[in-house]
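Please read the following account with the coordinates open beside it. It goes through the two chains in turn, then through the pockets, and ends with a few single residues.

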Amino acid sequence: MSLLWRTDGQAGRVVPPSGFTAHLLVFAAAAMAFLAVFALALSLASGRLAARWGDELAQSATIRIVAPLEQRDAQTEAALRILQTTAGVAFARALDTEEQQALLAPWFGPELDIENLPVPQLIEVIEEDTGFDAAGLRLRLAAEVPGAVLDDHTQWRAPLVEAADRLRLLGGISIVLLAVTMAAVVTLAANAALAANAQVIKVLRLVGATDQFIAQAFVRRFTGRALAGALGGTLLGMVAVLLLPPASDAGGFLTGLGFQGLEWALPLLIPLLAAVVAFGATGWSAKRVLGELA
Amino acid sequence: MIELENVAYSYSGGALFSDISLRLAPGSFHFLTGPSGAGKTTFLKLCYGALLPTAGQVTIFDKDLAALTRDDIAILRRRMGVVHQDCQFLDHLTLSENLALPLIASDRAAEDAQQDLEDLMAWVDLTHRADALPPELSGGERQRAALARGVIMSPDVIIADEPTGNVDWEMSQRLLRLLVELNKMGKTVLVATHDLSLIRAAKSQVQARVLRIASNRVQLAGADL
């Protein structure tokens, strides 16, 4: 490792410049890093989405009172009394007419007169951190408030959170696949360079160079190229993410693809990862080829 | 210094050497001669560890080559200056950088040996060609440069394979004088050549022994040389 960081650059110069191949490797590293930035953005956005959906829906529940108009108020009162004595319920209240009207407005318009319609009465339930026993509450409601239906949002929340988690996983897998592809590209390039420089290796061995010295000369070269390419690709990817439309409720998930706050530092790890991958891939390749050329 | 004991070497095609026992004493000067294809280069490679014998034992600086790793042999080779007929330079480096290669390969900063490098280039009369690339050099210049590179680490042994193979008579005499000079400085010298006139010329300058490869053996040559 020490030779890699030598400042005099003597060791690195023993490997001849390889022009076109070098440019291809830099380009490949840049492209991988560019894609990795987007995979990272996708993964982080999915994580945020899963957390938001989970947080927003996990701490609340709704009770619907589906009863004839003349029984609705009585059943609502009964349900609220039960909720007051239910462990894990922090707060419960019946939505007023305006609030219920606002909820239905997107479908029926703001002029809907719900006072005279058999619209269920909704009760908002806010849970304590410990949550409540949904099954027990259902049993009590069934016994005392026949028109009450408890919806603890599980059926909505679970698939949404699962979908977001899957997206996050896909983002992570993409980054791993990009790293593996990067390793494969660097290995191929290093193999080709080592084979093409068999004469250089022969000369270096003649003058007393150890395998470690020769390997490090190539490792240094390829790690530098991968680092440079990945740095360029990462910066371009970050600019592209920066230029995406800002997050908005109207845009939903698609406009939330980006980094927030300290997350902007994470893509800078991509060039380092690329350098580590190139370092390992070239080192492994050099060891193998030098063994074959012995 | 270099010792071969019952050494044999075989290619897939058959035996090249068998039962060779030989010792190159410190400070000695040996020529190795024989017809083309007799195995002079292979013999030299056995002497500097580029090849391992198929039987027997090669000992360099009291170390059995068979017991050493590739890296151990590389480190051992820093005490040996090897000069090839085709010189073997890195064409993308200048002459002075090529001469400094053994220093770089042994992790020594070439800057620390700048004076040695300049002295060596003056010794082989190549100071004016320091920045030239190897393909720009003449045959004689390349041979002298290869010799300079071979001795930059101040090795104990110089092994040269047909060092005068591609140069004219005058240049070969000049190279011979450099080799003799090194031997007088106490270096052990082993030179493979098919040029008998070079050997005859050397005998007037240095007490050299001549080894001849014949019939799969390496023997001391007689007075007919």
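How much accessible surface does chain A have, and what percentage of that surface belongs to carbon and sulfur atoms? In this predicted model, the accessible surface of chain A comes to about 15,400 Å², and carbon and sulfur atoms account for 67% of that area. Chain A is built from nine helices and four strands, and its elements follow the order α-α-β-α-β-α-β-α-β-α-α-α-α from the N terminus on. The overall dimensions can be read in two ways: the C-alpha trace spans about 100 × 40 × 30 Å along its principal axes, and the radius of gyration is 31 Å, where a compact globule of 294 residues would have a value near 19 Å. Of the 294 residues in chain A, 44% are buried. Among the contacts in chain A with a separation of 6 or more, 83% are made by residues 24 or more positions apart.

Chain B can be described in the same terms. Its secondary structure consists of eight helices and ten strands, and its C-alpha trace spans about 45 × 40 × 35 Å along the principal axes. The radius of gyration of chain B is 17 Å, which agrees with a compact globule, because a globule with 225 residues would have a value near 17 Å. Buried residues make up 55% of the 225 residues of chain B, and its accessible surface comes to about 9,600 Å², with 46% of that area belonging to carbon and sulfur atoms. For contacts in chain B with a separation of 6 or more, the share that joins residues 24 or more positions apart is 70%.

The pockets come next. The largest pocket holds about 540 Å³ of space, and 25 residues line it, of which Arg205(A), Leu293(A), Ala294(A), Ala50(B) and Arg77(B) are the closest to its centre. Two elements give two or more residues to this lining, namely α7 (198-206) of chain A and α2 (70-77) of chain B. Which element gives the most to the lining of the largest pocket? That element is α7(A), with five residues. By class, the lining of the largest pocket comprises 15 nonpolar, four polar and six charged residues.

The second largest pocket has a volume of about 470 Å³, and the residues closest to its centre, out of the 18 that line it, are Thr62(A), Arg64(A), Leu95(A), Leu103(A) and Leu122(A). At least two lining residues are supplied by each of β1 (60-65), α4 (97-108), β3 (121-127) and α6 (154-196) of chain A, and β1(A) has the largest share, with four residues. The lining of the second largest pocket divides into nine nonpolar, five polar and four charged residues.

Asp211(A) leads back to the largest pocket, since one of its partners is Arg205(A), a residue listed among those closest to the centre of that pocket. Is Asp211(A), which is found in helix α8 (residues 211-242) of chain A, buried or exposed? Its relative accessibility is 12%, and it therefore counts as buried, the cut-off being under 20%. Leaving out residues up to four places away in sequence, Asp211(A) touches Arg205(A) and Leu290(A) as well as Arg70(B) and Asp71(B).

In chain B, Arg23(B) belongs to strand β2 (residues 14-24) and counts as partly exposed, because its relative accessibility is 47%. When neighbours within four places in sequence are set aside, Arg23(B) is in contact with Ile2(B) and Glu3(B). Arg23(B) and Val58(B) are 35 residues apart in sequence, and their C-alpha atoms are 9.8 Å apart in space.

Two further residues of chain B deserve a look at their backbone angles. Most residues other than glycine have a negative phi. Phe61(B), however, has a positive phi near 50°; this residue lies in the loop between β4 (55-60) and β5 (63-64) of chain B, and its relative accessibility of 9% is the reason why it counts as buried. Asp125(B) likewise has a positive phi, near 60°, and its place is in the loop between α5 (114-123) and α6 (139-151) of chain B. With a relative accessible area of 41%, Asp125(B) is partly exposed.

Note on methods
Residues numbered from 1 in each chain as written. Chains lettered and ligands numbered in written order. Predicted model: local features only at pLDDT ≥ 70, side-chain atom pairs only at ≥ 80, totals over all residues. Heavy atoms only, no water. 1 Å grid on protein atoms, 1.4 Å probe; cavity = no way out; pocket = protein on both sides within 12 Å on 5 of 7 lines; lining within 4 Å. Points joined across faces, edges and corners; volume = space filled by probe spheres on them. Nonpolar A, V, L, I, M, F, W, Y, C, P; charged D, E, K, R; others polar. Rg over C-alpha atoms; globule rule 2.2 N^0.38 Å. Buried < 20%, exposed > 50% of the residue type's maximum accessible area, 1.4 Å probe, protein only. Contact = heavy atoms within 4.5 Å. Areas by Shrake-Rupley, 256 points an atom, 1.4 Å probe, with all protein chains shown as cover.
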